[in-house]
Amino acid sequence: MGSSLGNYSSQAQIDPKRIIAIWGFSEATLGGILHALKIPLTGMFVGGTAVVLITLLAHYSEKKSVILNATLTVILIKAVISPHSPLAAYFAVALQGLLGFIFFSTIKIEKIAALLLGFFALLFSALQKFIVLTIVFGNTLWNALDDFVNFILGQLNINTGEYSVSFSILLISFYSFIHILVGIYLALKAVSLPNRLALKGFVLTEGFKVYLTDEIFSKTNTSKPKRWFKKKSGIVLILFLLTLMVLTYLSPEFGNARGFDILLMLVRSFVITFIWFTLISPYVVSRFNKFIEKSKFEHATEINKATMLFPEFKKIINYTWKASAEYKKLRRVRKFLSDSIVLMLVTKISTDV
């Protein structure tokens, strides 16, 4: 496959098909890349990237129904490239696309539509984890967390007054607030991006070809995801709950029934997990896979044209990550993602659709 990656385009009009290809690439590989680079909050960055690309898709498309068609294409690409993705990940893509279609087709002011998309898409991304935890563990998890924090504060002689501290609400609120801020920030950036692309050219450095390696992608993990109790976070959670159970029998600050509640919660979590993975999930996955297999043939042309761009997108990702090495932590992530999206949009590739 020939490549003209050293060139760039500063044209005002970006092909919507290119945007769809970038969105599919992001959903299929970006989470794994960020995880391999040990960047936290990968879901926030993947969701934020989707907000940017849906906004651009709405801007460069005459019919907003393109967003719905693009959403299906992206889901199919994700299923083909990353078949072990959990069902929740597909649901998130579908919700983002649906919200984008609703907001951009009913609201004529692009900035307002983008802000609403950024707000709700990232809010859902934040709350999704807490919703799953509540379904699996119930409210006992949050009550136990509050009890533990108040116990620690009491041991430190920190007086919280007449009101106990609801650490779980603070945690959920802070986590959601960070996601919402990122969603609003990226929405504003996405709205201003078309003008920036039209007004300035983007020149790649002479050393670009030096970075054309698969270094980042050699680290990505494509294996089947582990169940929650086999992950490090799950092991830490179980150890925390077991420690809390012991504390309930050693300290009078806890209610007499709290230890038993925690034991029931652990049993509940394993029962729900067992039922999901042995009964519900196989049926749902089977039905979903039938839909995917049927749709793949119907949309084979769009999928193939999009995935043909992926090798060159990978080279751009490698380049932008190494080129951003002078920046630190979050500034580097922002620079890396921003430059990656721009270069994937404007770089001329011989297989362009």
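Which helix holds Lys322? The legends below, drawn from a predicted model, take up this question and then turn to other close-up views.

**View 1. Lys322 in helix H11.** Lys322 is found in helix H11, which covers residues 310–323. Its relative accessible area is 28%, so Lys322 counts as partly exposed, a class that lies between the limits of 20% and 50%. Although Lys322 and Phe336 are 14 residues apart along the chain, their C-alpha atoms are separated by 8.7 Å.

**View 2. Helix H12 and its buried residues.** Helix H12 spans residues 329–346, and its 18 residues reach 26 Å from the first C-alpha to the last, close to the 26 Å expected at 1.5 Å a residue. Phe336 is one of the buried residues of H12, which also include Arg332, Val333, Leu337 and Ser340, and further along the helix Ile341, Val342, Leu343, Met344, Leu345 and Val346 are buried as well.

**View 3. A positive surface patch.** Lys189, Arg196, Arg331 and Arg334 form a positive patch on the surface, to which helix H7 (167–199) and helix H12 (329–346) each supply at least two residues. Arg331 is found in helix H12 and counts as exposed because its relative accessibility is 53%, whereas Arg332, in H12 too, is buried.

**View 4. The protein chain as a whole.** The protein chain contains 12 helices and zero strands, so that, from the N terminus on, its elements run α-α-α-α-α-α-α-α-α-α-α-α. Of its 353 residues, 43% count as buried.

Technical notes. Residues numbered from 1 in each chain as written. Predicted model: local features only at pLDDT ≥ 70, side-chain atom pairs only at ≥ 80, totals over all residues. Heavy atoms only, no water. Patch = residues over 30% accessible without salt bridge, like charges linked within 9 Å, V, L, I, M, F, W, Y side chains within 5 Å. Areas by Shrake-Rupley, 256 points an atom, 1.4 Å probe, with all protein chains shown as cover. Salt bridge = Lys/Arg side-chain N within 4 Å of Asp/Glu carboxyl O. Lys, Arg positive; Asp, Glu negative; His and termini not counted. Charge placed at Lys NZ, Arg CZ, Asp CG, Glu CD. Helix = DSSP H or I, 4+ residues; strand = E, 2+ residues; numbered from the N terminus. Buried < 20%, exposed > 50% of the residue type's maximum accessible area, 1.4 Å probe, protein only. Expected span 1.5 Å × (residues − 1).
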